[in-house]
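Student: I am new to this model and would like to study one stretch of it slowly. Please start with the overall layout, then pick one loop and walk me through its residues.

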Amino acid sequence: MGKIDDLQDKILYILNEKFKTKLNLDEIIVDLSGKNIEDKDLDLITELNFKNTKELNLNNNIIKGFSRLKKLKAPNLKKLALSYNAINDISEIDKIALNLKNLEVLDLSNNQIDNVDILKKKIFE
């Protein structure tokens, strides 16, 4: 168990330094809005265990897709806020729903989503 905790601490340190923040995984609401987070940064974020987090705010960043978010470890997450990013491909939206079973709100407002019909199909299948 110690190696996992050490890795988590190292990732937290890297993210805190890079985004000039104090990320606390024990908080109910984790706010990473406006940190210029790109898709590649999500690889580190998805390595963390957001076990207590109910809301994750990733608004106002540079995220373009869902492929990395499908690995997010947040079993109690109810709201994932992704507004004001550069998301245009939502073809993997169903994979997020499979992973985040308690998700109630997925905010994708003010993105560049190309095909809303995919969203309707994936949600209402």
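Tutor: Reading from the N terminus, the elements follow the pattern α-β-α-β-β-α-β-α, which comes to four helices and four strands. Helices (H or I, at least four residues) and strands (E, at least two) are DSSP runs, numbered from the N terminus. Residues are numbered from 1 along each chain as its sequence is written, and side-chain values use heavy atoms, with hydrogens and water left out. Please keep in mind that this is a predicted model, in which local features need pLDDT of at least 70 and side-chain atom pairs count only at pLDDT 80 or more, while totals for chains, interfaces and linings use all residues.

Let us look at the sheet before the loop. Four strands form an open sheet in the order 1-2-3-4, with parallel pairing; two strands pair if DSSP finds at least two bridges between them. Strand 1 (29-31) and strand 4 (105-107) are the edge strands, each pairing on one side only. Three parallel bridges link strand 1 to strand 2 (residues 55-57), and isoleucine 29 faces glutamate 55 of strand 2 there.

Next comes the interior. Of the chain's 125 residues, 37% are buried, where buried means under 20% relative accessible area, exposed over 50%, and partly exposed in between (1.4 Å probe, protein chains only). The largest nonpolar core has 29 residues, and Phe50, Leu56, Leu58, Phe66 and Leu82 are the members that touch the most others. Helix 1 (2-19), helix 2 (42-45) and helix 3 (93-99) each bring at least two residues to this core, with helix 1 giving the most, four. A nonpolar core here is a set of buried Ala, Val, Leu, Ile, Met, Phe, Trp, Tyr and Cys residues joined through side-chain atoms within 4.5 Å. In soluble globular proteins, nonpolar side chains tend to be buried together.

Phenylalanine 50 makes a good example. Beyond its neighbours within four places in sequence, phenylalanine 50 is in contact (heavy atoms within 4.5 Å) with Leu25, Val30, Ile45, Leu56, Leu72, Lys73, Ala74 and Pro75. For the chain as a whole, 68% of the contacts between residues at least 6 apart in sequence join residues at least 24 apart.

Now for the close look: the loop between strand 3 (79-81) and helix 3, where asparagine 85 lies. Tyrosine 84 belongs to this loop too, and its phi is near 55°, a positive value in a residue other than glycine. Tyrosine 84 counts as partly exposed because its relative accessible area is 47%.

Asparagine 85, by contrast, is buried because its relative accessibility is 7%. Two polar contacts of its side chain stand out; such a contact is a pair of N or O atoms within 3.5 Å, where within protein one must be able to donate a hydrogen and the other to accept it, and residues adjacent in sequence count only if both atoms are side-chain atoms. One reaches the backbone nitrogen of isoleucine 62 at 3.3 Å, and the other joins a polar side-chain atom of asparagine 85 to the backbone oxygen of leucine 82, 3.0 Å away. Setting aside residues up to four places away, asparagine 85 touches Leu58, Asn59, Asn60, Asn61, Ile62, Ile63, Asn110 and Asn111.

One of those partners, asparagine 60, sits in the loop between strand 2 and strand 3. Asparagine 60 has a phi near 55°, again positive in a residue other than glycine, and is partly exposed because its relative accessible area is 44%.

Back in our loop, we come to isoleucine 87. Isoleucine 87 counts as buried because its relative accessibility is 0%. Apart from neighbours within four places, isoleucine 87 is in contact with Ile63, Lys64, Gly65, Phe66, Leu82, Leu108, Asn111, Gln112 and Ile113. Its C-alpha atom is 10.0 Å from that of asparagine 61, which is 26 residues away along the chain.

Finally, asparagine 88 lies in this loop between strand 3 and helix 3 as well. Asparagine 88 is partly exposed because its relative accessible area is 31%. Outside its four-place neighbourhood in sequence, asparagine 88 is in contact with Lys64, Gln112, Ile113 and Asp114. The C-alpha atoms of asparagine 88 and phenylalanine 66 are separated by 9.5 Å, with their positions 22 residues apart along the chain.
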